[in-house]
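Please look through the chain below with its sequence at hand. The paragraphs that follow go from single loop residues to the core and then to the packing of helices.

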Amino acid sequence: MRTTARLPLQAEAFYRTALIALKESGVPFLVGGGYALVHYTGILRYTKDLDIFIRAVDLEPTLAALALAANHTEVTFPHWLAKAYRDHDCIDVIFSSGNGLAVVDDVWFEYASEGEVLGLPLQICPAEETIWSKSFIVERERYDGADVAHIIRGQGPGLDWKRILRRFGDHWRVLLSHLVMYGFIYPGERDRVPAWVLAELLGHLQRELAEPPRDERVCQGTLLSRQQYLVDIHHWGYADARLRGDGRMTPEDIALWTAAIKDDTGIYVERQEDDPHRCRG
């Protein structure tokens with residue numbers, strides 16, 4: 001299915017010129033976002049930008065190549081995102097995820113899918129890594145659970161479920177939550193998730209229930225939403241999971257990512273000095 005049906009001609013020209021410049025530069029990159037969604041699900045969804053995924057080590061040559069087509073490039077958030085602009089059109093250059101977990105590594109490229117974008121033969125982000133990164137987007141203003149369910153519906157039997165389990169690792173509860181919801185959404189197609197996958201995840205749950213709670217005060221909600229659990233960190237004394245374990249964010253990364261919330265969403269950001277019990281719109 002072509003992905004240009006609702007794309008303005010100006011944006012299409014920019015994206016195509018930029019993709020050609022990237023291909024000619026030899027910098028490895030993958031296409032994700034709406035183009036990956038239509039590739040794996042057939043759902044055509046116009047978005048305001050083009051998402052490309054790269055390894056962090058390739059950021060500088062990627063932006064140099066994009067500068068041949070763009071008016072302006074910038075490193076928006078040093079831990080995961082850069083951008084290239086031409087007028088009102090934008091290309092997102094993604095090398096991790098907002099929570100610092102879904103780092104783009106060699107495996108993304110090893111299992112990339114071949115596809116066509118704007119008439120160009122290109123590599124598409126793997127379905128498994130797309131599920132992994134989207135599963136942690138549980139914001140007040142954006143939830144990617146429907147994308148996860150649609151990809152499972154479209155690709156379930158062919159997915160590398162062992163790799164998906166490895167990707168989630170200790171965050172298996174996030175995967176389990178999406179798979180439980182998938183069975184609710186598509187009760188007649190539950191078999192697109194292998195029974196052994198659910199059995200393994202439920203086994204983790206059974207073993208965890210048999211153990212006493214951990215003696216730690218940490219909130220992992222910040223791995224799902226950069227806004228909705230700030231009260232836990234700023235007022236209730238919980239440690240921020242983004243600074244622990246396999247998180248790859250620094251305090252400076254978190255401060256910059258948090259400061260951008262109002263600009264991106266228009267939603268009030270509660271600051272440390274505010275009353276946590278007051279409701280804000």
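**Loops, core and helix packing**

With a relative accessibility of 53%, D87 counts as exposed, because the cut-off for that class is over 50%. The model is a predicted one, and D87 sits in its loop between β4 (81-86) and β5 (89-94). The phi of D87 is positive, near 60°, although the residue is not glycine. Most residues other than glycine have a negative phi.

A second residue of this kind is L118, which has a phi near 55°, again a positive value in a residue other than glycine. L118 is placed in the loop between β6 (113-117) and β7 (120-124). Its relative accessibility is 5%, so L118 counts as buried. The two loop residues thus fall into opposite classes: D87 is exposed, whereas L118 is buried.

As for the chain overall, it has 12 helices and 9 strands. Of its 281 residues, 49% are buried. Where contacts join residues at least 6 apart in sequence, 61% of them link residues at least 24 apart.

The largest nonpolar core has 75 residues. Within this core, the residues with the most contacts are Y15, L19, V31, I52, L66, I91 and V93. L66 can serve as an example. With its neighbours within four places in sequence left aside, L66 is in contact with A18, L22, I52, A84, I91 and V93. Three of these partners, I52, I91 and V93, are also listed among the residues with the most contacts inside the core.

Helix α2 (residues 33-41) is mostly covered, with 7 of its 9 residues buried. The buried residues of α2 are G34, Y35, A36, L37, V38, Y40 and T41. After α2 comes G42, which has a positive phi near 80°.

The next stretch to follow is a set of helix pairs. Helix α5 (residues 127-134) and helix α6 (residues 145-155) have axes that come within 9 Å and cross at roughly 155°. The two helices are therefore roughly antiparallel to each other, and their crossing is left-handed. On the α5 side the contact is made by A127, T130, I131 and K134, and on the α6 side by D147, V148, I151 and I152. By class, these residues divide into 5 nonpolar, 1 polar and 2 charged.

Helix α7 (residues 161-168) packs with helix α9 (residues 195-209) at an angle of about 25°, and the axes are 10 Å apart. The pair α7 and α9 is therefore roughly parallel, and α7 passes α9 in a right-handed crossing. W161, K162 and L165 of α7 make this contact with W196, V197, E200 and L201 of α9. The residues involved comprise 5 nonpolar, no polar and 2 charged.

Helix α7 also packs with helix α8 (residues 172-185), here at an angle of about 130° and with the axes 8 Å apart. These two helices are therefore oblique to each other. The contact is formed by W161, I164, L165 and F168 of α7 and by W172, V174, L175 and L179 of α8. Its residues are 8 nonpolar, with no polar and no charged ones. W161 and L165 of α7 take part both in the contact with α9 and in the contact with α8.

Which residues does R163 touch, not counting residues up to four places away in sequence? R163 lies in helix α7, and its partners are V107, Y111, P126, E128 and E129. R163 has a relative accessibility of 4% and so counts as buried.

E129, one of those partners, is placed in helix α5. At 0% relative accessibility, E129 counts as buried, since the class covers values under 20%. Neighbours within four places in sequence aside, E129 is in contact with V107, W108, R163 and R167. From E129 to V107 the separation is 22 residues in sequence and 8.9 Å in space, C-alpha to C-alpha. V107 is thus a contact of R163 as well as of E129. The contact between E129 and R163 joins a residue of α5 to a residue of α7.

Key: Residues are numbered from 1 along each chain as its sequence is written. This is a predicted model: local features need pLDDT of at least 70, side-chain atom pairs count only at pLDDT 80 or more; totals for chains, interfaces and linings use all residues. Side-chain values use heavy atoms; hydrogens and water are left out. Axes are lines fitted to C-alpha atoms, for helices over the stretch in contact, and angles run from 0 to 180 degrees between N-to-C directions. Helices (H or I, at least four residues) and strands (E, at least two) are DSSP runs, numbered from the N terminus. Angles under 35 degrees count as roughly parallel, over 145 as roughly antiparallel, 65 to 115 as roughly perpendicular and the rest as oblique. A crossing is left-handed if the near helix is turned anticlockwise from the far one by less than a right angle, and right-handed if clockwise. Contact means heavy atoms within 4.5 Å. Ala, Val, Leu, Ile, Met, Phe, Trp, Tyr, Cys and Pro count as nonpolar, Asp, Glu, Lys and Arg as charged, and the others, Gly among them, as polar. A nonpolar core is a set of buried Ala, Val, Leu, Ile, Met, Phe, Trp, Tyr and Cys residues joined through side-chain atoms within 4.5 Å. Buried means under 20% relative accessible area, exposed over 50%, partly exposed in between (1.4 Å probe, protein chains only).
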